[in-house]
Amino acid sequence: MPPQRRGATGDGHEEPKGRSRRDRGDRDQGTRDRQPRTGRAGQDRGRAAPDRGRAAQDRGRSQGARGEATRATAGAGRTRSIADPRRAGAGRTEAGRPGRDRRVAAPPGPRRSAGARPGAAPPRPGSRRLTAVVPAEPPKLANSTKRLRLGTVLALSLFVMIGVRLVVLQVMESPAATQSLMEQQKNRLADVVLPASRGSILDRSGAVLAHSVEARYIYADPELVKDPAKTAAQLSPLLGVPQSKLIQLMAKKKRPGGGESRFEFLARGVDIAVADKIKKLNLAGVGSRRDERRDVPGADLAANLIGFTGEDHTGLEGIEARYDELLRGTNGEKVYEIGRGDLAKEIPGGYHRETPAAPGSSVQLTIDRDLQFEVQRYLSQQMEKVNATVAGAVVLDVQTGEVLAQASYPTYNAQKPFDFKPTEREDAPSSVISDPGSTHKAFTIGAALQEGAITKDSEVVVGRALRLGGEPFVDHHSFPNGTKLTIPQVLAYSSNVGTIRIGQKLGKEKLYEYQQKFGLGRPTNEGMPGEASGRLLAPDEWSGSAYGSVPIGHSVDATLLQMVAGYGAIANDGMYVQPHLIKGTISGRDGTVTATAPPETHRVLDTRVARDLREMMEAVVDAKGATGTKAKVDGYRVSGKTGTGKMLVDGQYTSHNAGSFIGMAPAEKPRFVIGVFADVPNGTGGEVAAPAFAKMMSSALLHYRVPPSGTKPPIFAWKD
């Protein structure tokens with residue numbers, strides 16, 4: 001490539017007109033940086049980029065300077081700089097507009113670069129190069145660091161203000177002002193009770209005896225009720241609640257904790273249809289929500305055991321009352337922030353706290369629903385025939401002590417408990433006290449056999465009567481004086497004189513000891529509330545007549561349940577098993593089944609003694625002329641004892657007879673013990689209670705498919 005030559009004025013060129021000194025300096029700098037021609041257009045165009053960048057810097061350094069395009073004419077072997085005649089005027093552009101330079105990139109070929117090195121060749125003759133001035137520098141961006149610092153200062157200032165205000169409220173403000181602020185906050189909170197679901201009462205197989213069904217509760221917000229009197233007049237006939245009570249509930253009042261009351265129950269367990277009618281009335285401040293109502297599907301089935309609940313679902317009687325805390329669960333609570341006025345609704349995003357209700361557990365009884373139905377039916381039928389005022393029956397599983405049925409007469413409809421008298425709602429077997437009468441003779445004879453005072457072959461001398469402590473004790477069978485009776489005969493004919501003679505051999509201390517072993521004098525704790533304990537006459541309390549009355553079951557206070565449990569010991573080969581009604585509980589939260597603790601047991605009689613006694617008691621049912629022949633059950637051997645005493649009412653004996661029969665079957669290996677008691681104007685236990693016993697025992701044996709007795713009853717040698 002040929003060497004480049006410098007011009008006359010520093011680079012051998014003529015100075016164009018209209019150029020400023022500064023432009024000339026730039027041009028000189030560009031001349032010095034000019035590169036040798038390579039003949040490649042792509043490389044020349046690449047080198048033009050620094051020229052445009054330097055032109056932008058020149059414009060920034062000289063605002064308002066005018067420039068014009070430079071035309072370079074390439075000649076053979078030399079380069080000239082020729083001024084454009086259109087740009088002769090200094091400070092004007094190529095189009096004649098002042099204030100702007102316009103530069104156009106040179107055509108392909110060697111170009112002068114603003115940043116060319118010193119000694120670079122000048123433009124070739126004939127070349128033309130126009131350079132445009134780019135716009136001014138872009139504006140500077142805002143400082144993000146300053147904005148961050150400013151935001152931090154504002155946030156800290158806000159927190160400082162809040163902190164200062166809290167200090168003022170808690171330290172410097174008066175207690176009255178603080179209390180006023182708290183009261184204002186309380187008034188904006190609504191507190192709603194979330195009723196817990198009450199557990200069910202089930203029979204031994206899980207069948208429902210009592211449970212809760214869906215209903216509605218009606219409530220009022222006293223602050224929103226506009227006319228309590230008018231509202232109460234509309235609600236009273238629908239709810240069955242007196243108008244005066246409703247007005248009192250809907251009146252504005254203060255809550256115990258402070259603030260206005262915003263929630264009052266008007267009625268619980270309301271039918272859904274009734275609640276819908278109330279809703280259509282659109283009464284201000286009155287509403288309804290989901291609730292439950294206690295339902296007893298069997299109406300009077302086991303009603304005296306189950307009991308009932310009040311309007312607030314609290315158990316009032318029976319199992320409902322005894323296990324109320326377990327059944328009812330724990331109510332929940334919902335507290336939320338509300339607005340003011342007619343639109344007192346929950347504020348979205350406001351304060352809200354909800355504690356879910358914990359459902360109650362269910363109680364499973366040992367009662368067999370089907371057997372209970374049969375026992376109640378037979379009891380009612382028989383008691384209506386004999387004009388009984390009160391009666392009861394108990395069916396006991398001998399080995400387990402489970403009460404399979406426990407019936408009372410009269411019974412009542414547990415759906416409408418207040419339509420019946422309190423005495424009609426009592427559970428007779430566990431609450432009615434009477435003289436057990438002759439049914440107590442089995443305990444006296446059993447104790448004497450156990451203590452060796454007599455044997456099963458012993459004979460007892462009887463007569464027409466016996467006087468002790470000035471009181472006569474006679475037999476209903478008029479035996480001549482000096483008559484000898486076997487132990488089975490004493491039982492079969494219910495000889496008072498013979499039993500008293502045996503009691504005298506046993507002694508009062510031992511008799512009192514065995515009375516307690518048989519479970520008398522204390523509650524059985526089977527599970528019913530209000531169970532009577534009865535009363536025993538301690539040995540140091542005996543009078544002269546007590547030696548005659550106590551052995552035959554007088555001067556003894558006991559319930560039918562206590563007597564049946566004592567007979568259970570005889571049936572269970574001498575082992576007493578505590579009777580019980582509760583089989584277990586079922587958790588309302590997770591369904592966990594918890595069985596009750598095993599019943600208490602203790603030995604009363606030796607096995608041999610108990611079996612001998614059961615065999616001798618068969619004479620009561622099988623012997624000719626015996627007192628309990630109406631208690632026979634076809635196909636089964638039956639042991640038992642009749643009894644006739646007096647019922648106690650408020651500590652006084654009534655004029656009626658308390659007739660009873662307690663027996664067991666099959667006698668050779670008993671499965672059940674059944675006791676029946678009735679308070680009647682006239683009649684004995686063998687007449688009023690034994691027939692009902694026979695039907696109940698037959699039903700129980702068939703229901704549980706107990707095989708008939710495989711052996712014949714014993715034959716007793718009767719002595720005339």
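1. Which residue forms a salt bridge with Arg198, and how far apart are the closest N and O atoms? In this predicted model, the partner is Asp324, and the closest N and O atoms of the pair are 3.0 Å apart. Arg198 lies in the loop between strand 3 (189-194) and strand 4 (201-202), whereas Asp324 belongs to helix 10 (residues 324-328), so the pair ties together parts that are 126 residues apart in sequence. Both residues, Arg198 and Asp324, are buried.

2. The pair is also part of a wider arrangement, since Arg198 and Asp324 are linked with Arg294, Glu320 and Arg328 in a network of salt bridges. As general background, side chains of opposite charge can pair when their charged atoms come close. A search of the whole structure finds 24 salt bridges, and two further examples are described below.

3. One of these joins Lys583 to Glu402, with the closest N and O atoms 3.4 Å apart. Lys583 is found in strand 20 (residues 582-586), while Glu402 sits in the loop between strand 13 (390-397) and strand 14 (403-409), so this salt bridge ties together parts that are 181 residues apart in sequence. Are the two partners buried or partly exposed? Lys583 counts as partly exposed because its relative accessibility is 30%, whereas Glu402, with a relative accessible area of 11%, is buried, the cut-off for buried being under 20%.

4. The other example lies within a single helix: Glu513 forms a salt bridge with Lys517, and the closest N and O atoms are 3.4 Å apart. The two residues are four apart in helix 16 (residues 508-517), which means that about one helical turn separates Glu513 from Lys517. Glu513, at 29% relative accessibility, counts as partly exposed, and Lys517 is likewise partly exposed, with a relative accessible area of 26%.

5. For the protein as a whole, the secondary structure comes to 22 helices and 27 strands, and of the 720 residues 48% are buried. Among contacts between residues at least 6 apart in sequence, 74% join residues that are at least 24 apart. The protein exposes about 35,400 Å², of which carbon and sulfur atoms supply 52%.

Methods:
Residues numbered from 1 in each chain as written. Predicted model: local features only at pLDDT ≥ 70, side-chain atom pairs only at ≥ 80, totals over all residues. Heavy atoms only, no water. Salt bridge = Lys/Arg side-chain N within 4 Å of Asp/Glu carboxyl O. Buried < 20%, exposed > 50% of the residue type's maximum accessible area, 1.4 Å probe, protein only. Contact = heavy atoms within 4.5 Å. Areas by Shrake-Rupley, 256 points an atom, 1.4 Å probe, with all protein chains shown as cover.
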